[in-house]
Amino acid sequence: MNPILEEIYSTIIPSAPYIIAAYALMWLAILVYVFVVVRGLKKTEAQMAVLEEALAERSARAE
């Protein structure tokens, strides 16, 4: 094997578990963030539906 490649591989391979763990942690954080945002969006949509219903009732009473 080429000595330069051998030196590069000896540097990269020992740190591979840390790199894999960092990527896994990053993806986990992104997935949790997306889950939290979607959950909040669903709550907001439900609140908007309730408000629209109340507004429709109020405008129906006013007429």
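**A walk along a predicted helical chain**

Let us start with burial: of the 63 residues in the protein chain, buried residues make up 0%. Please keep in mind throughout that this is a predicted model. Buried here means under 20% relative accessible area, and the accessible surface of the protein chain comes to about 6100 Å². Carbon and sulfur atoms account for 71% of that surface.

The overall fold is quick to describe. The secondary structure of the protein chain amounts to 2 helices and 0 strands. Its radius of gyration is 27 Å, well over the 11 Å that the globule rule gives for 63 residues, so the chain is more spread out than a compact globule. You can see this in the C-alpha trace as well, which spans about 85 × 15 × 10 Å along its principal axes.

Now let us turn to helix α2, which covers residues 16-62. Two pairs of residues give a feel for distances along the chain. Take Met 48, which is found in helix α2: its C-alpha atom and that of Met 26 are separated by 33 Å, with their positions 22 residues apart along the chain. Arg 39 also sits in helix α2, and from Arg 39 to Tyr 23 the C-alpha to C-alpha distance is 24 Å for a sequence separation of 16 residues. As for exposure, Met 48 is partly exposed, with a relative accessible area of 46%, and Arg 39 is partly exposed too, at 48%.

Tyr 23 and Met 26 come up again when we look at the surface. Together with Ile 19, Trp 27, Ile 30, Tyr 33, Val 34, Val 37 and Val 38, they make a nonpolar surface patch of about 890 Å². Why can Val 37 belong to such a patch? Patch residues need over 30% relative accessible area, and Val 37 is partly exposed at 41%, so Val 37 clears that cut-off. Val 37 lies in helix α2.

Next come the charges. The protein chain carries 5 positive and 7 negative charges, and the mean positions of these two sets are 14 Å apart. Side chains of opposite charge can pair when their charged atoms come close. How many salt bridges does the model hold? The count comes to 1 salt bridge, formed by Glu 57 with Arg 61. The closest N and O atoms of this pair are 3.6 Å apart, and the cut-off for a salt bridge is 4 Å.

The positions of the two partners are worth a look. Glu 57 and Arg 61 are 4 residues apart in helix α2, so about one helical turn separates them. Are the two partners buried or exposed? Glu 57 is partly exposed, with a relative accessible area of 42%, whereas Arg 61 is exposed, with a value of 69%.

Conventions: Residues numbered from 1 in each chain as written. Predicted model: local features only at pLDDT ≥ 70, side-chain atom pairs only at ≥ 80, totals over all residues. Heavy atoms only, no water. Patch = residues over 30% accessible without salt bridge, like charges linked within 9 Å, V, L, I, M, F, W, Y side chains within 5 Å. Areas by Shrake-Rupley, 256 points an atom, 1.4 Å probe, with all protein chains shown as cover. Salt bridge = Lys/Arg side-chain N within 4 Å of Asp/Glu carboxyl O. Buried < 20%, exposed > 50% of the residue type's maximum accessible area, 1.4 Å probe, protein only. Rg over C-alpha atoms; globule rule 2.2 N^0.38 Å. Lys, Arg positive; Asp, Glu negative; His and termini not counted. Charge placed at Lys NZ, Arg CZ, Asp CG, Glu CD.
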